[in-house]
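Here is the note you asked for on this model, written as numbered points that can be checked against the structure one by one. Please keep the display open while reading.

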Amino acid sequence: MSDIFDVFLLEAVLNGLLLGGLLALLSLGLNLIFGVIDVVWICYAELIMCGMYAVYYLHVQFHWPLLLAMLAAIALVALLGWLLHQFVIRPVLSAEPINQLLVTGGVLFFLQAAATLAFGIDFKNLGVTLPAVRLGELSFSAARLLAFAVALAGALGLYLFLNRSYLGTAIRAISQDRAVMPLMGVNPARIFSITSALGGGLAGLAACLLVLQYDIHPAIGLSFGPITFLICVLGGLGNMLGGFVAAFIFAQFIAVGGFFFHLEWGYVIAFVFFIGVMFLRPRGIFSR
Amino acid sequence: MLSLENVCAGYAGFQALFDVSLEVKAGESVAVIGPNGAGKTTLLRLISKLVEPTQGGISFQGRSLLGVAPHEVVARGIAHVPENRRLFPRLSAEENLRMGAFVSRRDFAEKREMVYGLFPRLKEKRRQAAGTLSGGEQQMCAIGRALMSSPKLLLLDEPSAGLAPVVVQSIFALVRRICAQGYTVLIVEQNIRQVLKVVGRAYLLDAGRIVQSGASAELLAAPEIQKAYLGI
C-alpha cells in the first residue's frame with residue numbers, strides 16, 4: 001500500500017515539474033516585456049492563441065511539415081509582438097499605467113473576437129498524439145516532457161542572449177536608464193522593437209508546445225493567461241529569474257495539492273498560497 | 001575639430017544658452033567653467049544632440065551635427081560622460097564597458113585592457129554591480145565606458161561632483177593622464193581651481209553666455225575670476 005502511494009506521489013511531483021517548465025516558459029515573455037518596456041501585455045495569452053491557430057492551419061489545412069509550421073508560427077507571433085508595440089504600445093508609452101493596461105486589454109478582446117469570427121468556436125485539434133513515456137512504474141506524456149525540455153532550452157538561450165551579447169546587454173540596460181542609452185549609441189526605440197519581437201517569439205514558442213497538449217479555441221487564452229500573469233507577479237513582475245522559480249513552486253502546489261485532495265483543489269491551494277504571499281511580500285517572493 | 005557658432009538653446013519656455021561660440025582643436029584639452037546653473041551641462045547635451053539648438057551651428061570634424069540623432073553622435077567619435085555618471089547600476093562594471101563599446105565592437109578585449117590599465121581598481125571589481133561601487137570607482141567606470149567607443153572627442157560633465165576631496169584629487173590626476181595620452185577633451189567643471197591646473201584653455205560661462213576665455217594660467221591670474229570664483 002505504502003509503495004503505491006509513494007509512486008503516485010513521485011509521479012505527481014514529477015508532473016508538477018513538467019508543468020512548471022511550461023509555466024516558466026509562459027512567464028518569460030511577459031516578464032521580459034514588463035522588465036524592459038514597463039508595460040504589461042494583458043493580451044499575451046491571446047498572442048499564444050494566434051500562434052496555436054497558425055500551427056494548426058499551416059499543418060492541418062496547408063499540410064506543411066509540423067516543424068516548419070511551428071517555425072513559421074514563431075515568426076508570425078514575433079511579428080505580432082512587433083506590430084503590437086508599434087501600433088498599440090508606442091502611442092501610450094508615456095501614458096498612465098491604467099491606460100496601458102486598458103489598451104492591451106482591448107487587444108485581448110479584439111483578438112478573441114477576431115479569432116471567433118475567423119475560425120469559429122469549435123475546438124480544433126492538431127491530431128498529433130505523442131506516445132506516453134514509461135519509466136518503470138511511472139508514466140509521462142511525451143508532449144509534456146518535450147515541452148519541459150524546450151522550455152528549459154528556451155530559458156537558457158534567453159539567459160545567454162541577455163548576458164553575453166551586446167544587444168542582450170542593451171536590453172537589460174535600457175530598463176535601468178532609458179535616457180542615457182543614446183549616449184551609448186543605442187536607439188531606444190529600436191531596442192523596444194526588438195524586445196517586443198522577442199517577447200512575441202517566446203509566446204510563439206509557447207504556442208508550439210501548448211498545441212501539442214491542448215485543443216485550440218478562441219477563448220483558450222483565458223485558461224492560462226491569468227495563471228501566467230499570477231506567476232509573474234508571484235516572482236516579482238519583471239524579474240525573469242523570479243518568475244522562472246515561481247513557476248516551479250506554483251506548479252508543485254497544483255500537482256501535489258491535486259494529488260492529496262482533488263485535482264481541482266490543487267488550483268485552490270495554489271491560489272491560497274498566492275494570496276498569502278501577496279500579503280507577506282506584495283512585490284513578489286523575489287522582489288528586490 | 002569641434003566648433004560651435006552663435007548657438008542658442010533652451011528648454012520649453014526657458015533659454016539656457018545665448019549666442020555661444022566655442023572651438024576645440026584636435027589634441028587640446030579645454031574646460032568650460034562657471035557657477036551652478038550657468039548652462040554648462042546644456043552645452044554638453046547640445047554637442048551630444050540630446051538638445052537641439054534653436055539657433056546657430058555645431059560642427060565636428062568639418063561636418064555639421066545639426067539634425068543628427070543623439071544615438072548617431074557616438075559613431076561620429078564623440079563620447080559623453082554625463083552628469084552624475086549615469087552607470088547602469090545593476091549591470092557589472094564590465095557590462096557597463098560593453099555598453100560603451102556598443103557602436104565599436106572591434107578589439108573589445110584590447111580596449112578593455114587599455115581601460116583596466118588606466119584604472120586597475122576597476123579590473124578588481126569588474127564583476128561587481130556598478131551601483132555598488134564607490135563614487136570614485138563609478139567615475140572611473142563612467143570614463144572607461146566612454147573610452148570604450150574609441151572617441152576622438154571626450155566630453156566630461158563635472159567629473160568631480162559628489163566625490164570626497166581626496167577622491168577629487170585622484171580623478172583630476174586621471175583626467176590629466178587622459179589628456180596627456182592625446183585624447184581631445186572638453187570638460188565642464190565648477191571646481192575651477194583644480195580644473196584649470198589640468199587643461200590648457202578655458203571658457204567662462206555665466207548665465208548662458210561666454211563672458212571670458214583664454215589660457216588656463218591667464219584665467220587663474222585674472223582678477224575678476226580670482227574675486228568671483230576663487231575667493232581670493
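The points below take up confidence, then chain A, then chain B and its strands.

1. The coordinates come from a prediction and are to be read as a predicted model. For the complex, the predictor gives an ipTM of 0.91 and a pTM of 0.90. Chain B averages a pLDDT of 92, and 99% of its residues score at least 70. As a general caution, predicted coordinates should not be read in detail where pLDDT is low.

2. Chain A is composed of 10 helices and two strands, and from the N terminus on its elements follow the order α-α-α-α-β-β-α-α-α-α-α-α, with the two strands thus placed after four helices and before six. Taken along the principal axes, the C-alpha atoms of chain A fill a box of roughly 70 × 50 × 35 Å. The radius of gyration of chain A is 19 Å, which agrees with the value near 19 Å for a compact globule of 288 residues.

3. Of the 288 residues of chain A, 47% count as buried. Among the contacts in chain A with a separation of 6 or more, 76% are between residues 24 or more positions apart.

4. One residue illustrates such a long-range link in chain A: L26(A), which is found in helix α1 (residues 2-37) of chain A. Is L26(A) buried or exposed? L26(A) counts as buried because 29 C-beta neighbours lie inside 10 Å, the cut-off for burial being 20 or more. Leaving aside residues up to four places away in sequence, L26(A) touches A206(A), F224(A) and T228(A). With T228(A) the separation along the chain is 202 residues, yet the C-alpha atoms of L26(A) and T228(A) are separated by 6.1 Å.

5. Helix α5 of chain A (residues 142-164) has a length that can be checked against expectation: at 1.5 Å a residue its 23 residues should span 33 Å, and the end C-alpha atoms are 32 Å apart, which agrees. The buried residues of α5(A) are A143(A), R144(A), A147(A), F148(A), A151(A), G154(A), A155(A) and L158(A), a list that includes an arginine, R144(A), alongside several alanines.

6. Chain B has a secondary structure of 10 helices and 10 strands. Its C-alpha trace spans about 45 × 45 × 35 Å along the principal axes, and its radius of gyration of 17 Å agrees with the value near 17 Å for a compact globule of 232 residues. Buried residues make up 45% of chain B, and 66% of its contacts with a separation of 6 or more are between residues 24 or more positions apart.

7. In chain B, an open sheet of six strands has the order β6-β7-β8-β3-β9-β10, with mixed pairing. Its edge strands are β6 (78-81) and β10 (209-215) of chain B, each of which pairs on one side only. From one strand to the next, the twist averages 15°.

8. At the β6 edge of this sheet, β6(B) pairs with strand β7 (residues 153-157) of chain B in the parallel sense over four bridges, and I78(B) has L153(B) as its bridge partner in β7(B). Helix α6 (residues 135-147) of chain B lies across β6 and β7 of chain B and runs at about 170° to β6(B).

9. At the β10 edge, strand β9 (residues 201-206) of chain B is joined to β10(B) by six bridges, and the two run antiparallel. D206(B) stands opposite R209(B) in β10(B). The hairpin of β9(B) and β10(B) has two residues between the strands, and A207(B) takes a positive phi near 50° there.

10. A further set of pairings in chain B involves β1, β4 and β5. Strand β1 (residues 2-11) of chain B is joined by five bridges to strand β4 (residues 55-60) of chain B, in antiparallel fashion, and E5(B) has G57(B) as its bridge partner in β4(B). β4(B) also pairs with strand β5 (residues 63-64) of chain B in the antiparallel sense over two bridges, with F60(B) partnered by R63(B). β4(B) and β5(B) form a hairpin with two residues between them, where Q61(B) in the turn has a positive phi of about 50°.

Note on methods:
Residues numbered from 1 in each chain as written. Chains lettered and ligands numbered in written order. Predicted model: local features only at pLDDT ≥ 70, side-chain atom pairs only at ≥ 80, totals over all residues. Pairing = 2+ DSSP bridges. Axes fitted to C-alpha atoms, helices over the stretch in contact; angles between N-to-C directions. Contact = placed C-beta atoms within 7 Å. Rg over C-alpha atoms; globule rule 2.2 N^0.38 Å. Buried ≥ 20, exposed ≤ 12 C-beta atoms within 10 Å, placed from the backbone. pLDDT = per-residue confidence, 0-100. Expected span 1.5 Å × (residues − 1).
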